[in-house]
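Reader: I would like to go through this structure piece by piece. Could you take my questions in turn?

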Amino acid sequence: MVFNSLTFVVFFALVLGIHSLPLPWKARKVNLLIASYLFYSAWNPPFVILLWISTVVDWYAAQGLVKAKREAARHAWMLLSVVANLGMLAYFKYGQFFVDNFTVLMASIGVAWQPAHYDIVLPVGISFYTFATLSYTLDVYLRRALPARNFLDYALFVTFFPHLVAGPIMRPTELVPQFEQPRRATGDQIRFGLALMTIGLFNKVVLADSFLANAAERVYDSDKIPGTLDAWIGTLAFSGQIFCDFAGYSTTAIGAALCLGFAMPDNFRFPYAAVGFSDFWRRWHITLSSWLRDYLYIPLGGNRHGPFRTYAALMMTMLLGGLWHGASWTFVAWGGLHGLYLAAERVLRARFSNYRPGPLMFVALGLLTYMLINLTWVFFRAKTFGKAWDVLRGMLGLNVAAKPILTTYYLVTVAFIVVCIVLAHWFMRQRTLESLVTRTPAVVVSIVWALMAFTIVIAQGSGNAFIYFQF
Amino acid sequence: MHSSISSSDDVAAPHGYRASDGVVDDTHAIHRRETASDRPGVAQPVPKRPVPAQPWSRIFVGMLVMLVLMLGGWEWYWRDFGVTPSIRNTDALWAIQRRRIDAGEGDATLIVASSRLFFDLQLDVWEKLDGKRPIQLAFEGTTPLPFLEDLAADPKFTGRVLLGIAPEVFFGAYGRHGKATKYTHDESPSQRAGQWLSMHLIEPVFAFYDPDYALPAVIKRLPWPDRPGAPTRLDVRKLSVTESDRNTHLWDKIESDAQYRALMRKVWEQSFAPSPNDPTPEEKDKKRDEQIERTVKAIAMLRARGVKVLLVREPSGGPYLEFDDRLFPRATSWDVLVTRSGAPGIHFQDYPELSGEWNLPEWSHMSYVDAQRFTAALHAIVVRDFWPPENAPQAAN
């Protein structure tokens, strides 16, 4: 079920109510586990089996890793986990993609091969929970952690509904210890958690779905060629939409977990105020970028084997990171572009290592970063390369004969919201939400909270799925 | 030294939580919080999630009071505008009716149409005359063809179909809610539960809970200046009132409020004038022929297993009727469809009892009172000429 639905409101109230009862800690954990399976099966009940497979395989793989006497046996247990998880991911998420590309490859060498069409439904959140469970066995394999002692705690780590389908991608060391001792949220934690959920849902329901999604759709899902203004507004709208949608989910998840007494890590840190691309990736989808760094970039050699290996590892990490987002070459192009940006930044930082920008140049570099990130969003949002080129040509002013697409309403609302988002990110660049709330008068906090809740209700969101569910 | 995810290591209690006395015990975590991006290649510790030092109880109560007041004001505003609570006509509501066929009502009479038979055929009247309440599967602004094709592919359906033909929507293949069949097949348990909660707890209570009064719709309706080349078009406003089994009628405000009625006419008039976005005549004819072809095929499948299909061209009036006739002249659309499909049809212009003066406030749909009269008149024709009561001699199907 999605957070922005009536079903979730009722579900969460029931879970919170039962979790608050004076029951033994084990019973309350069982409640959370059952609730998490219900949460997941509310989409498509049979897919719970995949979740079980992932859970059980990694539990036994980690046990095997600890008991293994020889390195070869450790490798084997680790490989079992990797193959099982990535195998499921490959089959459900990339099966059709592989077949389509193989067909094209065969056709290019003159072999006419027409495979049967896969009709596979992508299990929601599979990319997230396979990465979470993989981190469990990989941490044990890398001797960074010992396995969980208790299957219930481990199963709950995999399944815990706030992070299950769209992150933040939790590491076992972040969550399993929290299940080991009884915890119940204080009244203030529940109220602050509810405030966080309100902020998250405001981002999703009001900003992303109600005001930004339509403008992006009109530019990207239309067969019309966009001119400069439409291409930029459509892309800016998507930049705002994807942030509000995904950061909104993360904030709601963090708030839901806090209401239950658990802490989850930040997944976004005001990314549109990033100066440079390494800074962007320390602020955007932090739990994915750090996962890729720890389990892909560093094992590929990281920056320890000379420039060539460093750049190769960087590009490989970003290309695979792009593919993680979706089974399409446009996502690979998005990742590749980020890889190129990161490589170029690395070169420039080495070349101008003594350069320290002044305040104006700092902001200018930040805006340049944001503009270049918008270029990458074109490949992320466009369904085909043809559409991506159309939009890019429009952004570069090359579609001179294009007719206007967006009406004044879209131009004004998107520009207003996106400017507000970017300004807010710059204001919050070195702050945390908590520090801002601490310094804000209580009455203002109350008014802002009420306004957000009010606009969520009157926006009447239609329960649209979060964008990252498809990943 | 390796950290551990077992409790043997000192990682169990995250710092930075508000202590029970209300004091934040880790101010550092409030102002600057490290994330996994700051800790490469190590096991990540339990995160810190401090609660800002604020009087949260007062803040929460204040928020609730303001929220209730604002929602009360919003509700009052729309009720003052004339709105009363009604059921939202969504794909999920449609799905509930569609599933009745799978749940033992496969022999039912179905209304498969767009807005005209949706608003103009009153289920209460039909039920009183016929003894059985039809299932309403029409959808406004949507060609019913995908619904018909879905029924044709469903062997559980063996009943009767009143197929409404509104020329612009049907032959032009408009599809505002064309994905309702896909939604029905793909609907998740969560969506079903959400629909139940909404139609039982929210929709019967709150008048503002209607897409026409959603915040983005309200803001979009503000008088934005036109952008050259992309003028603002008026969106269709709330037109109807729907009940939980999708029995629907024209909203009485369209009759009683001259300004609102004029607005709705203006909305339709936007379509009457030629637009650069209109399809070319060749494209329009091609689309019409495709629609006819698909309809003929679906009807053949249905009739092959004994389903009775009756085409109905409902009344329209004024400039809308002129537009209908100009866009898809009867001779090249309705007549062709009836001939090619072999299914019987009722064109309102062929029946004096249907072609009289109807109260069509915005030229396309009947007032509630006339919709009741129309339903009775239509039922009489259907029973007399096409679907006589079961013991009567067999008529056309």
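Reader: Which residues have the most contacts inside the largest nonpolar core?

Author: This is a predicted model. Its largest nonpolar core has 164 residues. The residues with the most contacts inside this core are A:Leu212 and A:Val414.

Reader: Which helix gives the most to this core?

Author: The core draws at least three residues from each of domain 1 (21-183) and domain 2 (189-470) of chain A. One helix supplies 20 residues. The top contributor is helix H9 of chain A, residues 187-220.

Reader: Which residues is A:Val414 in contact with, leaving aside its neighbours within four places in sequence?

Author: A:Val414 is one of the two residues with the most contacts inside the largest core. Set aside its neighbours within four places in sequence. The contacts are then A:Leu212, A:Ala215, A:Ile233, A:Leu236 and A:Ala237.

Reader: How many residues does the other core have?

Author: This other core lies apart from the largest one. Among its members are B:Ala113, B:Ala138, B:Val309 and B:Leu311. In soluble globular proteins, nonpolar side chains tend to be buried together. The residue count of this other core is 66.

Reader: In what order do the five strands of the chain B sheet lie?

Author: The sheet is open, and its pairing is parallel. Strand E1 (residues 109-112) of chain B pairs with strand E3 (residues 160-164) of chain B over four bridges. Five bridges join E3(B) to E6(B), and three link E6(B) to E7(B). The order is E2-E1-E3-E6-E7.

Reader: Which strands stand at the edges, and why is one side of each left without a neighbour in the sheet?

Author: An edge strand here has a single partner strand, so one side of it is left without a neighbour in the sheet. Two strands of chain B fit that description: E2 (135-136) and E7 (345-347).

Reader: Which residue is the bridge partner of B:Leu162 in E6(B)?

Author: E3(B) and E6(B) run parallel. Other facing pairs in the sheet are B:Thr109 with B:Arg160 in E3(B) and B:Arg313 with B:His347 in E7(B). For B:Leu162, the partner in E6(B) is B:Leu310.

Reader: Is strand E6 of chain B largely enclosed or open?

Author: E6(B) covers residues 308-313. Five of its six residues are buried, so the rest of the structure leaves the strand largely enclosed.

Reader: Which helix of chain B supplies the largest share of the side that touches chain A?

Author: In total, 67 residues of chain B are in contact with 74 residues of chain A. Helices H1 (27-31), H2 (56-80), H9 (189-202) and H10 (215-220) of chain B each supply at least two residues of that side. The largest share is twelve residues, and it comes from H2(B).

Reader: How many residues on that side of chain B are nonpolar, polar and charged?

Author: Take the side of chain B that touches chain A. Its residues divide into 38 nonpolar, 20 polar and nine charged.

Reader: Is A:Arg143 buried or exposed?

Author: A:Arg143 sits in the loop between helix H5 (126-141) and helix H6 (151-159) of chain A. Its phi is positive, about 60°, although it is not a glycine. It has 11 other C-beta atoms within 10 Å, and the cut-off for this class is 12 or fewer. A:Arg143 is therefore exposed.

Reader: What does B:Ala173 count as, with 16 C-beta neighbours inside 10 Å?

Author: B:Ala173 lies in the loop between helix H7 (167-171) and helix H8 (180-186) of chain B. Its phi is near 60°, a positive value in a residue other than glycine. Buried needs 20 or more, and exposed needs 12 or fewer. With 16, B:Ala173 therefore counts as partly exposed.

Conventions:
Residues numbered from 1 in each chain as written. Chains lettered and ligands numbered in written order. Predicted model: local features only at pLDDT ≥ 70, side-chain atom pairs only at ≥ 80, totals over all residues. Pairing = 2+ DSSP bridges. Contact = placed C-beta atoms within 7 Å. Nonpolar A, V, L, I, M, F, W, Y, C, P; charged D, E, K, R; others polar. Core = buried A, V, L, I, M, F, W, Y, C linked by C-beta atoms within 7 Å. Domains from an automatic or database assignment.
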